[in-house]
Structures are given as C-alpha cells and as structure tokens.
Amino acid sequence: MKKALSVAALVVGLTGSALAADLPSYKAPPPPPLPPPPLWTGFYVGLNAGGTWGNSNNIWTSSAPISSFPGNPGLRYATFSALGASGVSQGNTSGFIGGGQIGYNWQFWGGRLVAGAEADIQGVAGSNSNKTSVTAAGAFPFFGASEILTTAITTSKRLDYIGTVRGRLGWLFTPTLLVYGTGGLAYGGVSVSTGIAQFNNDCAQFPGNCISSAAFSSGAFSDTRVGWTAGAGLEWMFMPNWSAKVEYLYYDLGNVSYSAGLLATFGNTFLTNRLVAGVVSQSQTRFNGNIVRAGVNYHFNWGAAPIVAKY
C-alpha cells in the first residue's frame, strides 16, 4: 500500500511540473539599452565662415590754419573754410570672413548648463572701401576776386582680420541643443587713410594779378586694435563628437585718429610759387560692426561623463 501511494505522489508531481512548464511566461523583456548621452565636456576645434558689416562708415576730417601770407587773411580763411569738418561716407563696409576656433566646454548642474571659453581668428575679404568727396566753397573776396576753392577728399577704410577671446555660458534645451550667450575681448587689423587736394579759381578770373594755389595732404593709420565683443549662438550636436553652430557677434575696436599732415598752399604769378598758407588736418573714424557666421566643431570629449538630467 505504501509503495502504491509513493508511486501515485511521484506521478502527480511530475505531471504538475510538466503542466507548469507549458504555461505562458508573464515576465517583461529587459528594456533596450539607452544611447549614451552627448558629452559636451572637453576640448574642441572647428572652422567657420560668414559675413561682417560695419556700423560706422564715415571718416571725419577737420582742419585748422597755422600760417598765412602776411596781410592776406582771406586766403587763410578760404583754405580753412573749404575744409572745416568734412565727413566722407564709406558706404556699407561689408566683407566675407572665414577662419577657425578652438575652445573648451564644461557641462555641469545636472548636465543642463555648459560653460567654457573660445578663441578664434578670421580673415576678411572684400571689406576695402575707397571713396572721394568733392566740394566747392566760396570765401572772402581776395584782390577783388571771389575765391572758389575746390576740395577733394579721398578716403580708404579696411578691416583686414578679426579675432576674439570669449567666455560662453549656455543652456541645454535638449541633450543635443545648446543655446548660449558669449562675450569678451575682440582684436582686429585695421587700415585707414585720407588724402586731400585743394585748388582755387583766382587766376581764371584775374590772370594778370592773382594767386593760383594748390594744396595737397595725406595721412594713414594701420595697426592692430583691441576692443570688446558680445553676442549669442545656437549649437547642435548632430552626431557623436560633431556639432554645428550659428552665431551673431557685435564688436567694437574703438576710435582711430590720425593726422593728415600739413596742407601746404602754394601760390604762383607774382608770389613765385611761395608758401602762402598752411593747414593741419586730423581724421577720425570708428571700427565697429557685426558678424554673422556658421561653423562646425569636432569635440574630443576628454573628461568624465556628466550626470544628465531628464528632459
């Protein structure tokens, strides 16, 4: 009897195990592995291209007399009044820019903020602007003649290159999309020049008793200027280690003043090509403007992975 019961229990146990093996499983499958979060921390290098245009397009030239032929203040006044303070508009001093950048990012505060520093330099093509302004002005009567002085002012203004060293602070709207503000130091190579030519019409009216004068002067400035810059941008990590950006910057390299030299007025006929008047002139302009550019960066991603918050 005991043997029969043991055999029956064994059969029941084996049957239950077989039936349990045939039942469907309700255990959820493991979740797929998540892609690694983008890593902004680390060094990066890149290239950029875009355009620039100036805000201050005038070159102002002012003058003051320093001498005149004794007894003839009219000529001195005529020379001074014809120049006065003249502005020559250079038009839209715009150009194409292209260059490169290098920087470092640090991702923190739960992975939502990115701070860093960036340095860049760009060459500028097509920003050279040359203009000539011609004016005619009357002066006090001189030996019975109505003086008409014609003045031609030729100016040139150019931005040769521009670079920046800036801090950056941005917010990650998504793990791959960074919106940032930026500001810091700007520097650039600038060139500007002014040339002045002046003539009167005295001898055309009184060829036997006249002073026909001609005056010439020129000055130039070329150097590296240092100022400031500020702007904003948008950067997108479109694949591991690679990002693309668009950026706007305003820059200001300050005012440039330079002397246009001595405007020496010479007369002929009875004065026999003698110096009859002298004028010193000063020119001034400002180098400031705007930059819009796009670029691409390669990120080396050196450093520990940050803790990325949920978006």
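1. Lining of the largest cavity, by element. In this predicted model, three strands, β1, β7 (148–174) and β11, each contribute at least two residues to the lining of the largest cavity. The lining comprises 13 residues, and those nearest the cavity centre are G54, T93, L159, Y251 and F287.

2. Character of the lining. Sorted by residue class, the lining of the largest cavity holds six polar, four nonpolar and three charged residues.

3. Volume and count. The space in the largest cavity is about 120 Å³. With a threshold of 30 Å³ or more, the count is one cavity.

4. Nonpolar surface patch. F43, V45, I102, Y104, W106 and F300 together make a nonpolar patch of about 550 Å² on the surface. Two elements, β1 (42–54) and β4 (94–108), give two or more residues each to this patch. The most comes from β4, which supplies three residues. β1 thus appears in both settings: it gives two or more residues to the patch, and at least two to the cavity lining.

5. F300. Where does F300 lie? F300 is in the segment that follows β11 (274–299). β11 itself is among the elements that supply at least two lining residues to the largest cavity, while F300 is one of the residues that make the nonpolar patch.

6. Exposure of F300. Why is F300 counted as partly exposed? Its relative accessibility is 33%, and the partly exposed class lies between under 20% for buried and over 50% for exposed. The value also meets the requirement of over 30% relative accessible area for patch residues.

Technical notes: Residues are numbered from 1 along each chain as its sequence is written. This is a predicted model: local features need pLDDT of at least 70, side-chain atom pairs count only at pLDDT 80 or more; totals for chains, interfaces and linings use all residues. Side-chain values use heavy atoms; hydrogens and water are left out. Patches are made of residues with over 30% relative accessible area and no salt bridge: like charges are joined within 9 Å, nonpolar side chains (Val, Leu, Ile, Met, Phe, Trp, Tyr) within 5 Å. Accessible areas come from the Shrake-Rupley method with a 1.4 Å probe; for residues, only the protein chains shown count as cover. A salt bridge is a side-chain nitrogen of Lys or Arg within 4 Å of a carboxyl oxygen of Asp or Glu. Helices (H or I, at least four residues) and strands (E, at least two) are DSSP runs, numbered from the N terminus. Buried means under 20% relative accessible area, exposed over 50%, partly exposed in between (1.4 Å probe, protein chains only). On a 1 Å grid over the protein atoms alone, a cavity is a set of points where a 1.4 Å probe fits but cannot get out, and a pocket is an open set with protein on both sides within 12 Å along at least five of seven lines; lining residues have an atom within 4 Å of a point. Grid points are joined across faces, edges and corners, and a volume is the space filled by probe spheres set on the points. Ala, Val, Leu, Ile, Met, Phe, Trp, Tyr, Cys and Pro count as nonpolar, Asp, Glu, Lys and Arg as charged, and the others, Gly among them, as polar.
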